[in-house]
Amino acid sequence: MGSGGRERSRSPPPGIKLIRALRGRDATRRTYRYSVLFITFIAYASYHASRKPNSIVKSVLDPDSTSDNLPCGISDHSQSWLLNMIFVKHPTNSSREAYSSSEGWAPFNGKDGTALLGEIDVAFLSVYALGMYFAGHVGDRVDLRVFLTVGMVGSGSFVALFGMGYFWNIHNFYYYLFMQMVAGMFQATGWPSVVAVVGNWFGKRKRGLIMGIWNAHTSVGNICGSLIAVGVLQYGWGWSFILPGALIASVGIIVFLFLVVTPEDIGLLSTYDPRRKKKQVVTEDVEVGPTEKTANGIEADSQDGEGPKTEDQMNEADSTASDAVGFIEAWMIPGVAPFALCLFFAKLVAYTFLYWLPFYINNTAIGGEYLSVKSSGNLSTLFDLGGVVGGILAGHISDRLDARAITAASFMYCAIPALILYRVYGGISMFANIMLMMMAGLFVNGPYALITTAVSADLGTHSSLRGNSRALATVTAIIDGTGSVGAALGPLLTGFISTDGWTDVFIMLTLSSLISGLLLTRLVVAEIVDKIAKGKERTAQQEIAGSIIQPLLSAD
């Protein structure tokens with residue numbers, strides 16, 4: 001992207017050119033917006049789907065922690081036919097061989113197997129967090145479509161190579177460590193890029209709700225990744241990595257062919273251009289109506305009251321464009337640091353569930369019974385289902401209140417009792433486990449989704465940037481990169497703490513939720529003060545309006 005002028009001189013993607021040629025006319029801005037939401041949705045869903053196999057395969061690589069320590073005399077309570085179909089009891093030795101051998105997979109089947117799996121997770125997430133900072137800085141300077149494509153194909157390749165260790169009979173710990181670290185580097189390209197692209201197409205109005213719904217890709221990806229991984233586990237755990245790797249690489253090709261990064265790429269005005277407020281645009285002394293075409297033959301977009309830009313308009317936009325915002329300058333944007341630190345602890349909680357929930361379920365009796373590896377993976381998807389509801393709810397509430405910090409902090413505080421209830425009462429019955437797990441997912445993933453989407457987009461187009469929208473990827477990378485450090489720390493600590501019991505793990509998670517909410521205290525107070533001031537102002541205006549209208553009513 002180098003400079004503003006070069007950024008806006010990109011041509012449309014190959015797939016868009018082909019569609020234009022076949023249709024003989026261009027699509028509307030609304031159509032492009034829908035396409036951007038859909039493509040970025042499946043793109044980041046595939047990112048998360050390719051991360052999920054690690055948590056599913058843990059119990060296969062290290063079966064000693066689950067199969068050898070099962071208590072005797074497990075009760076055999078009858079369950080409903082639906083639960084029996086999806087969540088089966090822990091398999092016998094004969095049926096378990098369909099998923100793994102009793103010896104597990106060296107080097108993860110030793111006494112330190114759980115710790116080694118934790119080190120694999122933290123290596124991936126550490127490189128991911130570090131790469132996030134660089135990815136955002138680079139993303140504001142290059143073509144995000146190409147950047148995403150390279151990241152997705154590269155990530156898919158190394159995720160698949162991790163699974164190939166099964167077929168190549170590799171038992172070297174450093175092989176798997178290296179594959180995960182390189183995959184983490186490529187995975188870092190995803191989040192800053194997709195948020196920046198969506199931010200380029202959508203203004204602040206209803207951004208929380210739109211991005212809350214859009215952010216369901218995280219949970220959808222986790223669910224799909226889990227289902228794919230457990231579905232092919234019986235054929236060898238390597239397939240649980242190869243198929244998600246092929247999926248993300250394939251979606252990367254779709255991104256390259258069809259993703260339109262900015263409205264300027266197809267000749268439309270920027271979302272943040274003040275001229276878009278006009279109901280009609282006059283181009284070369286000809287008023288462009290709802291379905292008229294401009295001189296260059298491209299259909300005008302009347303949905304937002306604009307048509308394609310003329311050469312003079314594009315030159316004017318180029319002349320007012322600023323260079324991409326620097327890393328330190330982005331940190332100084334008001335609100336970036338508090339939300340970044342808040343996300344550190346929020347993602348610590350969320351990613352501990354992402355990487356360890358199936359393992360936890362597999363090791364915990366539910367209604368006096370233990371679930372199989374496959375059933376544990378299926379059950380864990382309900383946490384993400386609750387997260388979908390939480391993300392949409394948090395976005396909608398923050399839009400209605402116009403208070404991002406209040407919403408995020410409130411959800412984090414509500415996550416504390418939700419986590420305690422899940423730990424204490426989640427083992428009573430399957431119904432209780434499902435309900436409490438979904439409730440925990442709602443409150444844990446709600447603020448995580450809000451901060452990484454709407455908040456990042458808001459801050460990336462903050463008023464202090466004076467109209468420069470080229471900070472979206474950098475700000476998103478700073479916030480999510482800081483959060484990813486916490487995401488790396490949570491699974492690492494869990495790998496060590498869980499050896500002494502899971503209660504200590506949940507204590508860590510509840511304390512992290514508390515700290516996450518407290519870090520937003522200053523912003524929460526500022527939002528409350530602002531609400532009170534606006535309320536007093538509205539009351540005063542109503543009183544003035546009432547005093548003016550009253551004599552007229554009396555005269556009648």
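These exercises work through a predicted model of one protein chain.

**Exercise 1. The chain as a whole**

Task: State how many helices and strands the protein chain has, and what share of its residues is buried.

Solution:
- Start with secondary structure. The chain comes to 23 helices and two strands.
- Turn to burial. Of the 556 residues, 57% are buried.
- Then take contacts between residues at least 6 apart in sequence. Of these, 83% join residues at least 24 apart.

**Exercise 2. The nonpolar core**

Task: Find which residues of the largest nonpolar core touch the most other members, and which helix gives the most to this core.

Solution:
- The largest nonpolar core holds 131 residues.
- The members that touch the most others are Phe 108, Tyr 176, Trp 237, Phe 353, Ile 361, Leu 379 and Tyr 422.
- Helix 17, residues 336-362, gives the most to this core: 18 residues.

**Exercise 3. Helix 8**

Task: Describe the span, bend and burial of helix 8.

Solution:
- Take the span. Helix 8 covers residues 113-139, which is 27 residues.
- From first C-alpha to last, helix 8 reaches 37 Å. The expected value at 1.5 Å a residue is 39 Å, so the two are close.
- Look for a bend. Helix 8 bends by about 30 degrees at Met 132.
- Check burial. In helix 8, 19 of the 27 residues are buried, so the helix is largely enclosed by the rest of the structure.

**Exercise 4. Val 122 and its partners**

Task: Decide whether Val 122 is buried or exposed, and name its contacts beyond four places in sequence.

Solution:
- Val 122 lies in helix 8.
- Its relative accessibility is 15%. The cut-off for buried is under 20%, so Val 122 counts as buried.
- Leave aside neighbours within four places in sequence. Val 122 is then in contact with Ala 488 and Leu 492.
- Compare sequence and space for Gly 490. Val 122 and Gly 490 are 368 residues apart in sequence, and their C-alpha atoms are 8.5 Å apart.

**Exercise 5. Two aromatic pairs**

Task: Classify the ring pairs Phe 124 with Tyr 128 and Phe 353 with Phe 506 as stacked or edge-to-face.

Solution:
- Know what to read off. A ring pair is described by the distance of the centres and the angle of the planes.
- A search of the whole structure finds 33 aromatic pairs.
- Phe 124 and Tyr 128 are 6.2 Å apart, centre to centre, with 5 degrees between the planes. Planes under 30 degrees apart count as stacked, so this pair is stacked.
- Both residues lie in helix 8, four residues apart, about one turn of the helix. Phe 124 and Tyr 128 are both buried.
- Phe 353 and Phe 506 have centres 6.3 Å apart and planes at 85 degrees. Over 60 degrees counts as edge-to-face, so this pair is edge-to-face.
- This pair links distant parts of the chain: Phe 353 is in helix 17 and Phe 506 in helix 22 (residues 502-518), 153 residues apart.
- Phe 353 counts as buried because its relative accessibility is 5%. Phe 506, at 6%, counts as buried too.

**Exercise 6. Charges over rings**

Task: Say which rings the charged ends of Arg 33 and Arg 145 sit over.

Solution:
- The charged end of Arg 33 sits over the ring of Phe 202, 5.1 Å from the ring centre.
- For Arg 145, the ring is that of Phe 256, and the distance to the centre is 4.9 Å.

**Exercise 7. Ser 226**

Task: Place Ser 226 in the fold and list its contacts beyond four places in sequence.

Solution:
- Ser 226 lies in helix 13, residues 216-231.
- At 1% relative accessibility, Ser 226 counts as buried.
- Leaving out neighbours within four places in sequence, Ser 226 is in contact with Lys 52, Ile 56, Gly 377, Ser 380 and Thr 381.

**Exercise 8. Backbone exceptions**

Task: Locate the cis peptide bond between Ala 106 and Pro 107, and the positive phi values of Asn 169 and Asp 402.

Solution:
- Recall the norm. Most residues other than glycine have a negative phi, and most peptide bonds are trans.
- The bond joining Ala 106 and Pro 107 is cis, with omega about 10 degrees. Pro 107 lies in the loop between helix 7 (93-96) and helix 8.
- Asn 169 has a positive phi of about 55 degrees. Asn 169 lies in the loop between helix 9 (144-167) and helix 10 (173-187).
- Asp 402 has a positive phi near 55 degrees. Asp 402 is in the loop between helix 18 (373-401) and helix 19 (404-425).
- At 44% relative accessibility, Asp 402 counts as partly exposed.

Terms used: Residues are numbered from 1 along each chain as its sequence is written. This is a predicted model: local features need pLDDT of at least 70, side-chain atom pairs count only at pLDDT 80 or more; totals for chains, interfaces and linings use all residues. Side-chain values use heavy atoms; hydrogens and water are left out. A nonpolar core is a set of buried Ala, Val, Leu, Ile, Met, Phe, Trp, Tyr and Cys residues joined through side-chain atoms within 4.5 Å. Buried means under 20% relative accessible area, exposed over 50%, partly exposed in between (1.4 Å probe, protein chains only). The bend at a residue is the angle between axes fitted to the seven residues ending there and the seven starting there. Rings of Phe, Tyr and Trp (its six-membered ring) pair if their centres lie within 6.5 Å; planes under 30 degrees apart count as stacked, over 60 as edge-to-face and the rest as tilted. A charge sits over a ring if NZ of Lys or CZ of Arg is within 6 Å of the ring centre and within 35 degrees of the ring normal. Contact means heavy atoms within 4.5 Å.
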